[in-house]
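User: Please take a close look at one part of this structure, the protein surface that lies near the RNA, and then place that part in the rest of the chain.

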Amino acid sequence: MLDPRLLRNELDYVKTQLARRNFSLDAEAYRELEEQRKQLQIETQELQNERNTRSRDIGQAKARGEDIQPLLDAVQDLGEQMKAAETRLADEQSRLQQIQLGLPNILDDSVPDGKDEQANLEISRWGEPPPFDFPARDHVDLGTQLSGMDFELGAKIASARFVVLQGNIARLQRALIQFMLDTHIVEHGYRECYVPFLVNAASLQGTGQLPKFEQDLFRVDNDPPFYLIPTAEVPVTNIVRDVIVDAQQMPLKYVCHTPCFRSEAGAYGRDVRGMIRQHQFEKVELVQIVRHEDSQEAHEELTGHAESILQKLGLPYRKVLLCAGDTGFSSARTYDLEVWLPGQGQYREISSCSNFTDFQARRLQARWRNPETGKPELVHTLNGSGLAAGRTLIAVLENYQTREGHVVIPEVLRPYMGGLTILQ
RNA sequence: GGAGAGGUGGCUGAGUGGUCGAAAGCGGCGGUCUUGAAAACCGUUGAGGGUUUGUAGCCCUCCCAGGGUUCGAAUCCCUGCCUCUCCGCCA
C-alpha cells in the first residue's frame with residue numbers, strides 16, 4: 001500500500017509514477033472520493049465529540065442528583081445522526097481502501113522503462129555455458145533416462161504440472177535444499193524457520209497477493225478459507241505483521257524451505273514440458289526485515305547471497321534488473337537471476353530478489369522502534385529465492401550431463417549425496 | 001470429538017455502566033546521588049487517525065474480532081476467533 005498522505009498531497013506524482021507500470025490511476029475520481037471522505041470524517045467526529053460531551057454532562061448531573069430528563073431529551077436523535085454518519089464514513093473509507101489495495105508500489109528511480117521482459121537490463125554474467133561436443137539433452141530426457149522423474153505419474157496422481165521424483169534424483173533435490181539452507185545459515189547469518197503452508201487471507205493481503213491476484217492461488221475450502229502458499233515469502237514476512245520490532249533485533253534475516261503452490265492460471269500454453277512450471281515446487285526463500293535506510297544495501301546483499309549458491313554449484317547465470325513493466329506489483333526494484341539451461345539453450349529465471357520498501361510493511365503494520373525518535377517506523381521488507389530448488393535441479397542435470405546421459409554431481413553436493421559423484 | 005476456564009498497555013495484573021486510554025508492579029527512557037556502577041529516590045513512558053505548514057493545540061478511534069442494549073460500555077447481551085486445563089482419539 002502507498003502512503004495515504006502521499007496519495008492525498010502528491011496525487012499527480014503518484015499517477016505519473018504508476019504510469020511507468022502501465023497502470024492508469026484515475027486521479028480525478030480519487031480526489032473526489034478523498035474530498036468526500038474528508039467532509040464525512042470531520043462531520044462524524046464532530047457528532048462523536050458532541051455525544052461524548054453530552055454523555056459526560058449527563059453523568060455529572062446525575063452524580064449531583066439533578067433531574068437529567070431535559071438533558072436526555074436534548075440528545076434524543078443525536079445517536080441516529082451519528083450512526084448514519086459513521087456508516088457513510090465507513091463505506092467511503094472502504095471504497096478508498098479498495099482502491100489503495102489495488103495500487104502497485106512506486107518504482108525505484110533506477111528501474112529502466114519498458115513494458116515487458118524485452119526491456120530488462122542485463123547487469124552481469126557469471127560462468128560460461130558448458131561447451132558440449134554432443135547435442136545437449138533437456139532435463140526431461142535426462143530424468144527419464146535416469147529413471148527418477150515421471151510426469152505421467154504426477155498427472156495420474158494429481159494432474160498435469162505435477163511430477164514424481166524418485167531415487168537419486170529425489171535425493172539430489174533434497175541435497176540441493178540442504179546445501180542452500182546450510183549455506184545461508186552458516187555463511188550468511190540467516191535464521192532458519194518452519195512455517196504454515198496454508199495461510200489466511202489477511203497474510204496474503206499483507207504481502208500483496210490479495211485482493212488482486214486470487215486467481216494465481218489455490219484456495220482450500222474452509223470457513224474462513226485457507227490458501228496454499230505461493231511462496232514462503234507470505235508466511236515468513238507475516239512473522240512481523242502487527243509487530244513493533246526492537247531496534248537491537250534489526251535486521252531480521254530468515255531463510256525458509258517450503259513447497260510452493262501456484263495455479264498458473266493464465267499460463268496454460270507456457271512451459272508445458274518438464275519441471276519449469278509446476279503447480280507445486282520446492283523453494284528456499286530469503287527474507288529480510290530492515291531499517292528503511294538500509295534496504296538498498298540489503299537488496300544487493302541478499303541478491304549476492306542467492307548468487308553465491310549458483311556460484312558454488314558452478315552454474316552459469318546472468319543477473320537482470322527488471323524493467324518497469326516486468327517488476328512485480330509489490331516490488332520497487334527486482335533483480336532476476338537467470339540460470340543457463342543447455343536443454344533450452346537460454347537463460348531462465350531461477351531467483352527473483354525484490355526490495356518492497358515500505359509497501360508490504362504498511363499493509364502488514366510491520367514496524368520497528370527508532371531509538372532516535374522513540375517512535376515506531378515502518379520497516380522495509382525484502383525477499384529473494386535462494387534458490388528455487390526444482391529449477392536448480394533442472395539446471396544441475398542439464399549443465400552437468402555427459403555424452404552418455406549421465407550427470408556428474410557438483411562437488412559441494414557430494415557430502416549430501418553420501419559421496420556419490422555421478423548419476424547413471 | 002466431549003467438559004470447563006479465560007482473552008485488558010512491552011510483560012504481570014486491577015478495573016460497582018458515568019472524565020478509564022485504563023490502578024499497581026516490572027521493564028524502558030530522563031534526572032538526582034556516585035570517581036564510575038549498582039541500590040535508592042524523583043519524573044516520564046501505548047497505538048492509529050482527523051484538522052493543520054506543523055514532531056504546537058484541538059478532536060476522533062482502539063481494552064481479541066464483529067454485532068447489539070444504553071444519553072453513556074473495558075464493564076451488560078449475542079456470535080465468531082484464539083489460548084489454556086481435563087477426558088477421548090491420533091503422527
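Analyst: What follows starts at the RNA surface and then moves along the protein chain. The model is a predicted one.

RNA strand B is surrounded by 21 residues, and the closest of them are Arg8, Gln48, Arg51, Lys62 and Arg367. Of the atoms of RNA strand B that come within 4 Å of the protein, 73% belong to sugar and phosphate. Sorted by class, this surface holds nine charged, eight polar and four nonpolar residues.

Several side chains can be paired with particular atoms of the strand. In glutamine 48, a polar side-chain atom is 2.5 Å from a sugar or linking oxygen of RNA strand B. For glutamine 41, an N or O atom of the side chain is 3.0 Å from a sugar or linking oxygen of RNA strand B. With arginine 369 the partner is a phosphate oxygen of RNA strand B, 3.3 Å from a polar atom of the side chain. Two or more residues of the surface come from each of α1, α3 and β14 (367–369). The largest share, 13 residues, is supplied by α3.

Helix α3 spans residues 27–63 and also helps to cover the buried residues of another helix, α5. Helix α5 runs over residues 78–101, 24 in number, and its first and last C-alpha atoms are 34 Å apart, close to the 34 Å expected at 1.5 Å a residue. Its buried residues are Leu78, Met82, Ala85, Leu89, Glu92, Leu96, Gln100 and Leu101. Besides α3, the cover over these residues includes α1 (4–9), α9 (201–207) and α12 (359–364).

The domain assignment of chain A places domain 1 at 26–101 and domain 2 at 117–423. Between the C-alpha centres of domain 1 and domain 2 the distance is 49 Å.

Some backbone details deserve a check. From leucine 210 to proline 211 the peptide bond is cis, with omega near 5°; proline 211 sits in the loop between α9 and β6 (219–220). A second cis peptide bond runs from glycine 386 to leucine 387, with omega near 10°, and leucine 387 belongs to strand β16 (residues 380–388).

Positive phi values occur at two residues that are not glycine. Aspartate 242 has phi near 60° and lies in the loop between α10 (233–237) and β8 (244–245). Threonine 357 has phi of about 45° and lies in the loop between β13 (346–355) and α12. Aspartate 242 is exposed, at a relative accessible area of 56%, whereas threonine 357 is buried, at 18% relative accessibility.

One further buried position is glutamine 288, in strand β10 (residues 280–290). Glutamine 288 counts as buried because its relative accessibility is 2%, and buried means under 20%. The side chain of glutamine 288 makes a polar contact of 2.9 Å with the side chain of glutamate 301. Apart from neighbours within four places in sequence, glutamine 288 is in contact with Tyr190, Leu252, Lys253, Ala298, Glu301, Leu302, His305, His380, Thr381 and Leu382.

How values were computed
Residues numbered from 1 in each chain as written. Chains lettered and ligands numbered in written order. Predicted model: local features only at pLDDT ≥ 70, side-chain atom pairs only at ≥ 80, totals over all residues. Heavy atoms only, no water. Domains from an automatic or database assignment. Helix = DSSP H or I, 4+ residues; strand = E, 2+ residues; numbered from the N terminus. Expected span 1.5 Å × (residues − 1). Buried < 20%, exposed > 50% of the residue type's maximum accessible area, 1.4 Å probe, protein only. Contact = heavy atoms within 4.5 Å. Near = heavy atom within 4 Å. Polar contact = N/O pair within 3.5 Å; in protein donor to acceptor, adjacent residues only side chain to side chain. Nonpolar A, V, L, I, M, F, W, Y, C, P; charged D, E, K, R; others polar.
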